[in-house]
Amino acid sequence: MANVIVVGAQWGDEGKGKITDLLSQSADVVVRYQGGVNAGHTVVVKEQTFKLHLIPSGILSPDTDCIIGSGTVIDPEVLIEEIDQLEALGIPTKRLYISQKAHVTMPYHRLIDRASEEERGDRKIGTTKRGIGPTYADKAERTGIRIVDLIDPESLREQLQWAIEYKNVILEKLYNLPPLNAEDAIAQYLKYADRLRPHVIDSSLTIEEAVKKRHNILFEGAQGTLLDLDHGTYPYVTSSNPIAGGACVGAGVGPTIVDRAIGVAKAYTTRVGEGPFPTELHGEVGEELCDRGAEFGTTTGRRRRCGWFDAVIGRYAARINGLDCLAITKLDVLDELDEIQICTAYEIDGQPCYHLPSSARQFAKCKPVYKTLPGWKRSTADCRTLDDLPPQALDYLKFLAELMDVPIAIVSLGASRDQTIVVEDPIHGPKRALLDAKPSPLAG
């Protein structure tokens, strides 16, 4: 038995959906612990593509219970659309459960998010404008509406009536937008409640029961470490805690039940939205990475910014999350390159820097220090063992593990579930990986 957290080790979009789907084959329970419809997981199974925003990737495993935890924020309309789409594709959702403590995204959240982002002008964050930040803001302000309120008609009517009156003042006076009609919103959300009520549970209690039965539990995060509200590249972050520590809060469990944290990182780096990006590539190579990696957001369709692998943020992610092992994704995207660069450190005003600055102004000054490795100029898409990899590709992976001082357990070479090298099963294997890390002198 092992309880494992899967966390993004970069700025999100690392391929956590595929890794979660892969590991969920051995899991009894998969728990999504934070974020909302601003997240997007794309999973390819037998040439069929599934795009998920709220429902855990484990839903594609028929014997796995899937829980949307209390740390998430739920847009009922989007969740119901996902349920309907999965059912239409023959994927049953009867084992999907929703925490009664999760907060609900309302129409005014989306309106305020969009208007606020537009008001920022050059200081915009780059949000998805799906209402996630305002939903979390209401949660912190203690004016939010939870799933337990959504499924209680009297409570929903009382709270939503007050909330819409309050938010209409903001919409009209601050953003010059038309007010919402409370009765229309109440009627719509009562319909959502009827659809979702059978899925609502006390998720913390359910997870505790699974722990007592010694079931394998997989905790699935959204976004990535560098987007964490507390530990990311603030202010260009999300509104929740994607890091491994957020799993305990967002699922309602104690840290003593967690056995492992596996970090997912691309073989290069991408970022969506605004904010500094030291290794960003603006020329032909950046375009090639974007095109070969199909780097377009699942949620927004926005083109992702692409750059070389950044070991400084990698080491930071390893520290913040306490990573036991890594899953490196999209190695195949590098197949055509003559040479590959890896950022081993930064320079700030001519001085070396080996650790991620906390200051956004300092981070914007960071210039990458690169180590250049030879490319392998050969397809890796059909490789299924480490021995199948070109020697240069294996050297590249070993160097990443050395720089981050974390062993690599999984290597992904394409979108499909079978395009994967499993060096070690993080759920059933021993607590080590065969592609072991030996700290590099370049790690600082």
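This report covers the annotated active-site residues and the aromatic ring pairs of a predicted model.

**Active-site residues**

The unreviewed UniProt entry lists Asp13, His41 and Lys139 under "active site". Of this set, Asp13 and His41 help line the second largest pocket.

Lys139 sits in helix H4, which spans residues 132-141. Is Lys139 buried or exposed? Neither label applies: its relative accessible area is 31%, so Lys139 counts as partly exposed, because that class lies between the 20% limit for buried and the 50% limit for exposed. Leaving aside residues up to four places away in sequence, Lys139 is in contact with Ser70, Gly71, His103 and Gly144.

**Aromatic pairs**

How many aromatic pairs does the model hold? The count is six. One of them joins Tyr189 and Tyr192 in an edge-to-face arrangement. The centres are 5.0 Å apart, and the planes meet at 75 degrees. That angle is edge-to-face because the class takes planes over 60 degrees apart.

Both tyrosines belong to helix H7, residues 182-196. Tyr189 and Tyr192 are three residues apart there, about one turn of the helix. Tyr189 and Tyr192 are both buried.

Elsewhere, ring pairs connect Trp11, Phe277, Tyr346 and Phe363 as a cluster.

**Helices named above**

| Helix | Span | Residues discussed |
|---|---|---|
| H4 | residues 132-141 | Lys139 |
| H7 | residues 182-196 | Tyr189 and Tyr192 |

The two helices thus carry a listed active-site residue, Lys139 in H4, and the edge-to-face pair Tyr189 and Tyr192 in H7.

How values were computed
Residues are numbered from 1 along each chain as its sequence is written. This is a predicted model: local features need pLDDT of at least 70, side-chain atom pairs count only at pLDDT 80 or more; totals for chains, interfaces and linings use all residues. Side-chain values use heavy atoms; hydrogens and water are left out. UniProt positions are given in the numbering used here, feature names are shortened, and annotations may be inferred rather than shown by experiment. On a 1 Å grid over the protein atoms alone, a cavity is a set of points where a 1.4 Å probe fits but cannot get out, and a pocket is an open set with protein on both sides within 12 Å along at least five of seven lines; lining residues have an atom within 4 Å of a point. Helices (H or I, at least four residues) and strands (E, at least two) are DSSP runs, numbered from the N terminus. Buried means under 20% relative accessible area, exposed over 50%, partly exposed in between (1.4 Å probe, protein chains only). Contact means heavy atoms within 4.5 Å. Rings of Phe, Tyr and Trp (its six-membered ring) pair if their centres lie within 6.5 Å; planes under 30 degrees apart count as stacked, over 60 as edge-to-face and the rest as tilted.
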